[in-house]
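Student: Could you take me on a close look at one part of this model, and then show me how other parts compare in their surroundings? I would enjoy one connected walk through it.

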Amino acid sequence: MKKRIAILGSTGSIGSQTLAVVREHPDLFSVSLLTANNSVELLEQQAREFNVPNVVICNPEKYGLLSRGLSGTGTKVHSGMDAVCDLVTAPDVDIVVASMVGFSGLRPTLAAIGAGKPIALANKETLVAAGSIVMGAAAKNGVDILPVDSEHSAIFQCLLGAGPNKLEKIHLTASGGPFRTWPKEEIAKATKDMALKHPNWNMGAKITIDSATMMNKGFEVIEAKWLFDTDASKINVLVHPESIIHSMVEFADGAVIAQMGWPDMREPIQLALSYPERLTLSNRKLDFPELGKMTFHRPDLDKFPCLSLAFEAIGKGGNVPAALNAANEAAVAAFLRDKIGFYDISGIVSDCIASVEFIAEPTIEEIFSTNDEVYAKAKEKTGRW
């Protein structure tokens, strides 16, 4: 039987590349649900191409347009987040690709976990904001969380070869983003167009800005803590501009296992969908003599303070990582609208995590409350920064 996939955020970068994997293996995969926030035209095209039974446009104002566009196709059109949360629990869903952008991915991911659906997780913010709650729910429901991020997929693959041996350290690699070699005074003047030019990866706007500030890597540290049940002190961030080694795992005897490949998100996506089987993929394969050399260095925390803020947040724990995520989401949105400067992002995040009312063991309701309150506070700061 074909594995039936629900793709949350199908019009984004990860969603679109997931559909590329389905195109490559139509005998193994089908699509049962697609969701998008505003991209009506692309969502309609995807629904038609893959003959999808259900689609959700999260923005209710776009419902009529999508409904008319898919009239007569047999595809049922729904709107709003409640519909997403309901449809991910349906019997015709075998696995959920969680690739919605930002905090919005938390609710449907928890709904899918509650229904016992395996999760191919691309949404960093879900574990950043509520890692303890999400992983606890997954354990309770016997649900596999399969990482889609290239770095976490790499760690996952390295650990497959480790047997019962526990990791000693994770080496989480980072490209360094577009400003890796820039002096700090030049980074301070960076525009959104400059920040959106990632040297290695083709990603959505929000995650590309997060890569430029290195907040993305900070989020990945927090994710790795929860996914691999390890302390943040055992996670080492290593700048690797070539993005060939996607991450490494070190063991007690000093041995290090690395996972390598050309930068192509279809590879970790496909593995999450097909695990434990590896399928063929029409991607570029490594040619080692062609590589020449690979380089590594420590991140510059003075130039990229967002990475330090992420370590600070996970060190404090409780609801502080949720505050980190909310403040960053609001600040990045403002930067993309040309409302604030590049280093204003870290300034706003720092202010917000310092002032959030600390909750040591937050409930899911308190996580949502923290998100709403901090997002509003950060949004207010972007208007007068």
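Tutor: Let us start with strand β9, residues 235-239, in this predicted model. Four of its five residues are buried, so the rest of the structure largely encloses β9. Its partner is strand β8 (residues 169-174), which runs parallel to β9 and is joined to it by five bridges. Within that pairing, Ala174 sits opposite Val239 of β9.

Stepping back, these two strands belong to an open sheet of four strands, ordered β9-β8-β10-β11, in which the pairing is mixed. The edge positions go to β9 and β11 (256-260); each has a single partner strand, so one side of each lacks a neighbour in the sheet. From one strand to the next, the twist averages 20 degrees. On the other side of the pairing story, β8 meets strand β10 (residues 245-250) in the antiparallel sense, over three bridges. There, Ile170 faces Val249 of β10. A helix packs on this sheet as well: α7 (residues 150-160) touches β8, β10 and β11, and its direction makes about 40 degrees with that of β10.

A helix with a similar story of burial is α12 (residues 266-274), where eight of the nine residues are buried, so the rest of the structure largely encloses α12 too. The buried residues of α12 include Arg266, Gln270 and Ser274 alongside Ile269, Leu271 and Leu273.

Helix α2 (residues 40-50) offers another pattern. Its buried residues are Val40, Leu43, Gln46, Ala47 and Phe50. They span an arc of only 130 degrees around the axis, which means that they lie on the same side of α2. The cover over these buried residues includes α1 (13-24), β2, β3 and α3. Just after α2 comes Asn51, with a positive phi near 50 degrees.

Two residues of α2 lead us on to the core. Leu43 and Ala47 are among the contacts of Val55, once neighbours within four places in sequence are set aside; others include Leu33, Leu34, Leu66, Leu70 and Val77. Val55 is also one of the residues with the most contacts inside the largest nonpolar core, together with Ile119 and Leu324, and that core has 119 residues. Helix α15 (residues 320-336) supplies the largest share of this core, eleven residues.

Strand β2 (residues 29-36), part of the cover over α2, holds Ser32. With 4% relative accessibility, under the 20% cut-off, Ser32 counts as buried. Its side chain reaches the backbone oxygen of Asp92 at 3.2 Å. Leaving aside neighbours within four places in sequence, the contacts of Ser32 are Arg4, Ile5, Ala6, Val52, Pro53, Asn54, Asp92 and Val93.

For a contrast, look at Glu61, in the loop between β3 (54-57) and α3 (63-69). At 74% relative accessibility, over the 50% cut-off, Glu61 counts as exposed. Its C-alpha atom is separated by 8.7 Å from that of Ser79, and the two residues are 18 residues apart along the chain.

Key: Residues numbered from 1 in each chain as written. Predicted model: local features only at pLDDT ≥ 70, side-chain atom pairs only at ≥ 80, totals over all residues. Heavy atoms only, no water. Buried < 20%, exposed > 50% of the residue type's maximum accessible area, 1.4 Å probe, protein only. Polar contact = N/O pair within 3.5 Å; in protein donor to acceptor, adjacent residues only side chain to side chain. Contact = heavy atoms within 4.5 Å. Pairing = 2+ DSSP bridges. Axes fitted to C-alpha atoms, helices over the stretch in contact; angles between N-to-C directions. Core = buried A, V, L, I, M, F, W, Y, C linked by side-chain atoms within 4.5 Å. Arc of directions from axis to C-beta.
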